[in-house]
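Reader: I'm new to this one and would like to be walked through it. Could you take my questions one at a time?

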Amino acid sequence: MPLILGTNSIKDTGYDVANSCRFDDNAYMSQTWGSSGNRRTWTLSMWIKYSGLNNCRIFSIGDNVSNTILSFFFTSGDLRFEDVQSGDYTAHFRTDRVFRDPSAWYHIVLALDTTQGTASDRMKLYINGVQETSFSESTIPSENVETLMNHTTGAATIGARAVNQSGTEFNGYMAEVVVLDGTAASPTEFGEFDSDSPTIWKPKDVSGLTFGTNGFYLDFKDSSNLGNDANGGSDFSETNFAATDQATDTPTNSFCTFNPLINAKGGNLTLSEGNLKLDIGAEAWKSALGTIALNNGKWYWEAKCIDATWWHNNGVFSLDTGDINNTSNPMNQTGYSGFYNADGGETRIDNTVSTGDYGLFAANDILGFYLDCDNNQFTIYKNGSSHVSATNLGTGRTDLVPIAVYYFYSGKGEGEYNFGGCQSFTISSGNTDANGYGNFEYSPTIGGVNYYAINTKNLAEFG
């Protein structure tokens, strides 16, 4: 299938999506349409980057379980749609293919036009610009049937199930959420293939489309009103959102987060806040890896201590030589590269412990990590001051990935991270890298040397 802007990188051309919105902590947006629109012909388009596989509703309408419309990802990773009226399917499908990449943005377009005489033309699904044609389940809507889209009964909800939100919330990021009322649009109205990399699907400016009576466009550019309809219609009401849920992790510039599919050393590691907050939950060694591997360039990210009673080990892991599932813990092996041990105050390189004690850190301390892949150096600052001098990672390191390893005896067992695209802790100062990317507590530049946020645009330039 065509690629999207995930861990791949392309040159900086074309339309840029400025913002996305992070959905977490039972967050959702909803509104009830004041008048009926076109219930036979419509289009739903959205870009999503999910934080984990679960029964998550990405869009829904309905007043009860017997009358509802749902678009959602299932735990297995397949995408489903169903329009249920009086307890029966009016239209529905379930994809054969599954979509499980938490590092990438997926573009979903669902277009219905039940006025079409040919059954196969009435319901179309596109993923990353290509139509899905194989389904494990499918009910084609009858000609001229009216769906629940654009119906005044029941709330239109983004990020949860309108009938019963509990347990169905979407966790992840959304961008460029659009409904066209009265138009069954092709995906080329919302995106295009990159001219230089023709397998990469990227967004287009949608502001000039015809949205219709109940159509809307959520661009998430207003952090004080994330449910704002940029098309000028009624805004969506917001539940469990804050201004900090506005993100710059977007389909045109995807940032590193932690990978929920690699829950190594003991499992049951809980990721939240867009895969930027970690909770180990019980006494054990547990670890998480970043979603972007680095081979060249200079890179920066931050971590914040939540509770001083837990062991916290941050560093970089070499995918080509290390074993993330090491039976003891990923620190105690050769080939993994470098760590700073926040409990012992030492560094470890290939399981060689430093002789110096660099000191511990306390709750609310923020560590800044400066990784120089060009010179195999790893420098750590604490609260903006040099903490651990440049640590030699050795030569020939490739595919270096940010990693966090935990062990705790008591306390919260949590860590909060900031790769620049969104934050799990409050930023009081605000610093960007030299390219203007990221939102950091401390400067990514040290000693006159620029380090950069880990995202696809910087990767295209330096990686």
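Reader: How many bridges join strand S2 to S17?

Author: This is a predicted model, so keep that in mind as we go. Strand S2 covers residues 28-31, and S2 and S17 run antiparallel. One pairing to look for is methionine 29, whose bridge partner in S17 is glutamate 238. The number of bridges joining S2 to S17 is 3.

Reader: Which strands stand at the edges of the sheet they sit in?

Author: The sheet is open, has 8 strands with antiparallel pairing, and goes in the order S11-S7-S6-S5-S4-S12-S2-S17. Each edge strand has a single partner strand, so one side of it is left without a neighbour in the sheet. That makes the edge strands S11 (135-139) and S17 (237-239).

Reader: And by how many degrees are neighbouring strands of this sheet turned against each other on average?

Author: Direction is ignored for this one. The average turn between neighbours in the sheet is 15 degrees.

Reader: Zooming out, how many strands does the protein have?

Author: Helices don't add much to the list, with a count of 1. Among contacts with a separation of 6 or more, 67% are between residues 24 or more positions apart. As for strands, the protein comes to 35.

Reader: Where does pLDDT stay under 50?

Author: Across the protein, the mean pLDDT is 86, and 84% of residues reach 70 or more. The stretch you're after still has 49 contacts beyond four places in sequence in the model. pLDDT stays under 50 over residues 1-12.

Note on methods
Residues are numbered from 1 along each chain as its sequence is written. This is a predicted model: local features need pLDDT of at least 70, side-chain atom pairs count only at pLDDT 80 or more; totals for chains, interfaces and linings use all residues. Side-chain values use heavy atoms; hydrogens and water are left out. pLDDT is the predictor's confidence in each residue, from 0 to 100. Contact means heavy atoms within 4.5 Å. Helices (H or I, at least four residues) and strands (E, at least two) are DSSP runs, numbered from the N terminus. Two strands pair if DSSP finds at least two bridges between them. Axes are lines fitted to C-alpha atoms, for helices over the stretch in contact, and angles run from 0 to 180 degrees between N-to-C directions.
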